[in-house]
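Here is a quick tour of a model with the sequence and coordinates to hand. Have a look at it first, then read on.

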Amino acid sequence: MANVDAAGSSPLPDGRPAPGRPVYLDHAATTPMLPEALAAMTEELAQLGNPSSLHNPGRRARRVVEESRELIAEAYGARPSEVVFTSGGTEADNLAIKGLYWARRAAGPARRRVLAAATEHHAVLDSVRWLAEHEDAEADWLPVDARGVVSVSSLAEVIERDPSTVAVISVMWANNEVGTIQPIGELARLAAEYQIPFHSDAVQAAGQLPVSLAGTGATALTITAHKIGGPVGTGALLLAKGVEPVPVLHGGGQERDVRSGTLDVPAIRAFAVAVQAARERGAFEAKRIAALRDDLIAQVRTAVPDAVLNGAPPGPGRLPGNAHFSFPGCEGDALLMLLDARGIACSTGSACTAGVAQPSHVLLAMGADEARARGSLRFSLGHTSEQADVDALGAVIGEAVERARRAAR
Amino acid sequence: MSGGVDSAVAAARAAEAGHDVTGVHLALSRNPSSYRTGARGCCTLEDARDARRAADVIGIPFYVWDMAEKFHAEVVQDFVDEYARGHTPNPCLRCNEKIKFAAVLDRAVALGFDAVCTGHHARLEPAPDGSGLIRLARSVDAAKDQSYVLAVLRPDQLERAMFPLGDTTKDQVRKEAADRGLGVAGKPDSHDVCFIADGDTRGFLRGQLGSAPGDVVDADGTVLGSHDGSYGFTVGQRKGLGIDRPAGDGRPRFVLSIEPVTRTVTVGPAEALDVLEIEARRPVWSGCRPPSGPVDCLVQLRAHGEVYPAVCVSDEDTVRISLRDPARGVAPGQAAVFYDGDAVLGSATISLAHRP
C-alpha cells in the first residue's frame, strides 16, 4: 500500500516538505535485496538451462541449484535433501499444513485435529480453516498469553484431549506482527514425544535468529528469501527426511515428488547468497538492529508516553528488528498515512482486503480489544536501517499521533 | 475516488492546479460477497483497483478508507427504514450528506487536509447576494447535473468542497481522461444503488424487511390485488402493481399512496397523482440566508426530474411549497431542491403532498 518513492517526494498535507530519503521501517513486509544477491541473480538470469534437463546446460543449472541447496541446508541445520524449494512462504505453509494433514489422515482416519497457534500468519491460519471447511478437519487453536506466547503446557493440554486424533501441529517460530518468539524447541520436542508432525513457519525468524531443523527436531520449517535479502517469489520448506506430505502441486515430480514445477534457478541462487550473507553477518548484525530497535522504542515512548508496546519486552523473547505499538485513540491506518506523507513507511501489520486494514487477529488473540487492535502500528528494522531512520520517526511520531487522535474523534 | 472516470479526472485537475492531492477510495462494504459481484456500483474490488491505477497515472498517493460501518448505519439502514415507512429515499444524497462531506471531510480536515474534491457534476460559485456564501449550481451538462444530490449540503460543507468538473460535459470528461492516459476513460457510468449489486431493490428490501403481505386498493377501498411488502412501491409507480384486472375505464393505474402500518397500497388514475401543495422537513439553506418571507423559486422534486415554479414559505423545521402548476408523482422521502435559475438556494425532505 505504501509507495515509498511517491510519498518521499510528496509534500505534506500541512505544507511542510517531506524528507528527501525515504525512511523504510517495514522490513518485516520485505527487506531490500542484498547487493550480492542481486548480482548473483542478475548473472544467473542470463544463463540457460532447465535443471531437470539431462544435457550440459541442464546439468549446469542443476549444479547451481544443488550448490544453493547445500548452502541453505547447512545454514538451517538440514540435509540438502531436506530442502524443498517453493514459490515462497505461503506455498510452503500450504504444503506443510495440507500435505501433512492429508498424509496423516490417509494413514489413520481418526487423525483429523489440526493444532495451530491463534496468532499464525494467514498462510497457516487460512490453510487450517480451509481444511476444516472442506476436508473434515477440526481446527484446534492454541491460545497465547498477553505477550503472544504459546505455552508448552497449553499445547500438552490440547494434545492430551486425545493424542490419537491429532494430524499435525503448527506454531510459528516468531510472529510477523508483534515479533514474539515461541519456545519452538520445547514445543517440537513435546510433539515428537507423541510422534505428531510439527511444522513451524520460520519466515520472520530465519533472517534474524539461529533457526535449525535438526536442532529443534521439527518435522518441517517454512522459510522465504525476500525476508532475508533475497528475491520475492522463492522460498523453501525444510522437510525432515522420510516425511512425505501429499503434494499440493502435481506435475514433473521435482523436489522429492513433493513439489512439482521447474525450479527458478536465478532466484534460488540469489536466495542461497542472501542466506550465506545473513549467516556471515549473524549475531553482530542482530545486535546492531536490536540496539536501533531499543532506541526506536525509547523515542516513541518519549514522544507518546501512553503508547503501548505489544508483545514480549525487548530481549530474547522478541525479534531484534520488531517494535509494535498500540496508540490509544488512534486509527492505525490514519497514522500510517500521516507517516507515509512524511516519508516514513511502516505497517498496520495486519491483512488487507481491498486495502482495508482489519483489526489484527494477533492482537485480539493476545487479549487486546478491537480499538487497541485497530490503533496499532508495526515498525520493523533490517539490514539497511540506520540511526537516521529511527531519529526521523522520533521527530514526527508525536505530532502524527496527536493529529490521528483528532481524526478519530 | 470511486474507480470511475469522473473522480479520476477531478483528481487529475486538482493535482494539476497545484493542490496537494491524496486519492482516497471508500470501502463501503465489509461483506465479501458484494466485493465479488463485478464492476457495478462503487463497492467492488475492481473499482478499488481502477481508482488505485488512476492515482498511479496522476501521480498522487492513494489510500482506501474503511467507511463500511458508518455507511451501513447512515445510508443503508436509513434506506431500509425509509422504505419501511412508505417513503422513497435517495441514498446518494444521504451518502453525500453523511459520508463524503461529513465523515470523510471531518477525518480529512483532522488529518490536515483543507477540502474534499469529488467528480460530481456541479459548480460552486459565490452567491450574488453579498452573503459571502459559496453556492452550488448546476453543471453545464444538464443531463449529468448532480446538484440535486448535493443540495442537502450545508454552507460549512460546501466551503470545504471542490467540484472541478462543473464546467465540463461528460463527453469532455471522457475525452480528457483518454488524453490523460486514464484507463477508466471508457468505463460505463454507474446507475444503480451501489450497495444493491444486482439492481433488484425490491428483492434487497424483502431480504432486509421480510415478507409483509397487504392489499392493493383503489381510492374507494376496493381490493384490487395483493403485494408481499408495501416497501416495494413508490408513489407514482405504474409497473409491477400486481393487479390482474384492468381499470373500469381501461386507463393505467399508478401508486397514489403507501400506508405501511396497514400495509395498504392505494392506486388510481394519473390525474390523482397531481399535487399543488407540498410540505417538506429539515430545510437547509446554502445558497441564501434562511428566508423570512415567501420565496419565488424553481423546485425540483426528484433526481433528474423537471422543475416547477413555486412559492416557498419556510420556518426552522418546515417548508411549505405552493406550486404554480400541479406536479405529478411526488414521493415522500425525496428531496425538494430550491433553485434560483441554475443556482441552488436550499433543500428539504418531502414529508407530505396534497392534491389540488
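## A helix to start with

This is a predicted model, and helix H4 of chain A is a handy place to check its geometry. H4 covers residues 89–107, and at 1.5 Å a residue its 19 residues ought to span 27 Å. The C-alpha atoms at the two ends of H4(A) sit 27 Å apart, so expectation and model agree.

Is this helix enclosed or open to the outside? Of the 19 residues in H4(A), 15 are buried, which means the helix is largely enclosed by the rest of the structure.

## Chain A as a whole

Zooming out, chain A has 13 helices and 14 strands. Its radius of gyration comes to 22 Å, close to the 22 Å that the globule rule gives for 409 residues, so chain A is as compact as a globular protein of that length. Laid along its principal axes, the C-alpha trace of chain A spans about 60 × 55 × 40 Å.

Burial in chain A stands at 53% of its 409 residues. As for contacts, take those in chain A with a separation of 6 or more: 73% of them pair residues 24 or more positions apart.

## Chain B as a whole

What does the secondary structure of chain B come to? The count is nine helices and 16 strands. For 356 residues, a compact globule would have a radius of gyration near 21 Å, and chain B has 21 Å, so the two agree. The box filled by the C-alpha atoms of chain B is roughly 65 × 50 × 35 Å along the principal axes.

Buried residues account for 46% of the 356 in chain B. Among contacts in chain B with a separation of 6 or more, 64% are between residues at least 24 positions apart.

## Domains of chain B

Chain B also comes with a domain assignment, and one of its pieces is split along the sequence: domain 1 takes in 5–119 plus 164–186. Domain 2 runs over 211–268, and domain 3 over 273–354.

How far apart are the C-alpha centres of domain 1 and domain 3 of chain B? They lie 28 Å from each other. The contact between these domains of chain B draws six residues from domain 1 and six residues from domain 3. On the domain 1 side of that contact in chain B, the residues facing domain 3 break down into two nonpolar, three polar and one charged.

Notes. Residues numbered from 1 in each chain as written. Chains lettered and ligands numbered in written order. Predicted model: local features only at pLDDT ≥ 70, side-chain atom pairs only at ≥ 80, totals over all residues. Helix = DSSP H or I, 4+ residues; strand = E, 2+ residues; numbered from the N terminus. Expected span 1.5 Å × (residues − 1). Buried ≥ 20, exposed ≤ 12 C-beta atoms within 10 Å, placed from the backbone. Rg over C-alpha atoms; globule rule 2.2 N^0.38 Å. Contact = placed C-beta atoms within 7 Å. Domains from an automatic or database assignment. Nonpolar A, V, L, I, M, F, W, Y, C, P; charged D, E, K, R; others polar.
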